[in-house]
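User: Please take a close look at one part of the surface of this model, and say what builds it. Then carry on through the other local features worth checking by eye.

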Amino acid sequence: PVSSISKEAVEKRFYAIRDSGVHGGKPTYSQATKVMRILSALMNYAIADDLIQSNPVNVLKYKRVDRSMRKRDNYLKLEEARELLHITAQETHPVTLAVHLILHTGLRKNEALRLKWSDLETVNGVECLIVRDTKNHRPHFVPVTDTIKSILDKSSNYSDYLFPSPLKRDC
């Protein structure tokens, strides 16, 4: 019950997740922060329903526990991307071709890997890849440039997907 969650329990759980992971393992600072944000929202809802008087998650704020989300800083530098594209230029493996498409378009991994040949359409006289399942839930139109066309030509296959899984059928 929400009424049984104490400030001490919240603090202990935050540090346990932060230092040992959710199920004991590698430390997951971001996960600890996310868990506490969700718990705090639920506790605020419980306050609104008069189930509890105060939010025990606030103890982290009062004790000034750093719960800021750390931004990722791992990305390919321009020279690394160029070298990767150069070294793998002749490759035809679906995953390599998907990486090429991602580097040339900025698509997310799941957006690129879910593309089907049926997503290749002509829109207002321009050949486009239509990414239908996007983060903002709106279709995204990627014009097919000569570079993208060469990636698609290398990807010619007998699957519905542009980059079929080498491990699973129908994916």
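Analyst: Start at helix H5, residues 94–105, which gives the most to the nonpolar patch, with three residues. The model is a predicted one, and every value below is computed from it. The patch covers about 350 Å² of surface and is made by Leu76, Leu84, Val95, Val99 and Leu103.

One of these residues, Leu84, lies in helix H4, which spans residues 78–87. Is Leu84 buried, partly exposed or exposed? Its relative accessibility is 31%, so Leu84 counts as partly exposed. Patch residues must have over 30% relative accessible area, and Leu84 meets that cut-off because its value is 31%.

The loop that leads from H3 to H4 is worth a look next. Met69 is found in this loop. With a relative accessible area of 32%, Met69 is partly exposed. Met69 is 30 residues away from Leu39 in sequence, and their C-alpha atoms are 16 Å apart in space.

Arg64 lies in that loop between H3 and H4 as well. What is unusual about its backbone? Arg64 has a positive phi of about 55° although it is not a glycine. For context, most residues other than glycine have a negative phi. Arg64 counts as exposed because its relative accessibility is 77%, and the cut-off for that class is over 50%.

A second residue with a positive phi is Asp50, at about 60°, and it is not a glycine either. Asp50 sits in the loop between helix H2 (29–48) and helix H3 (58–62). Its relative accessible area is 66%, so Asp50 is exposed.

A buried charged side chain can be found further along the chain. Glu111 belongs to helix H6, residues 109–113. At a relative accessible area of 9%, Glu111 is buried, since the limit for that class is under 20%. What lies within reach of its side chain? A polar atom of the Glu111 side chain is 2.9 Å from the backbone nitrogen of Arg108.

The sheet comes last. Three strands form an open sheet in the order S1-S2-S3, with antiparallel pairing. Strand S1 (120–123) and strand S3 (140–143) are the edge strands, each pairing on one side only. From one strand to the next the twist averages 45°.

Which residues face each other across the strands? S1 pairs with strand S2 (residues 126–131) over four bridges in the antiparallel sense. Within this pairing, Leu120 stands opposite Leu129 in S2, and Val123 stands opposite Val126 in S2. The two strands form a hairpin with two residues between them. In the turn, Asn124 has a positive phi of about 50°.

On the other side, S2 is joined to S3 by four bridges, and the two run antiparallel. Here Leu129 stands opposite Val142 in S3. Leu129 can thus be followed across the sheet, with Leu120 opposite it and Val142 opposite it in S3.

To return to the part you asked about: the nonpolar patch is made by Leu76, Leu84, Val95, Val99 and Leu103, with H5 giving the most to it.

Definitions and conventions: Residues are numbered from 1 along each chain as its sequence is written. This is a predicted model: local features need pLDDT of at least 70, side-chain atom pairs count only at pLDDT 80 or more; totals for chains, interfaces and linings use all residues. Side-chain values use heavy atoms; hydrogens and water are left out. Two strands pair if DSSP finds at least two bridges between them. Axes are lines fitted to C-alpha atoms, for helices over the stretch in contact, and angles run from 0 to 180 degrees between N-to-C directions. Buried means under 20% relative accessible area, exposed over 50%, partly exposed in between (1.4 Å probe, protein chains only). Patches are made of residues with over 30% relative accessible area and no salt bridge: like charges are joined within 9 Å, nonpolar side chains (Val, Leu, Ile, Met, Phe, Trp, Tyr) within 5 Å. Accessible areas come from the Shrake-Rupley method with a 1.4 Å probe; for residues, only the protein chains shown count as cover. A salt bridge is a side-chain nitrogen of Lys or Arg within 4 Å of a carboxyl oxygen of Asp or Glu. A polar contact is a pair of N or O atoms within 3.5 Å; within protein, one must be able to donate a hydrogen and the other to accept it, and residues adjacent in sequence count only if both atoms are side-chain atoms.
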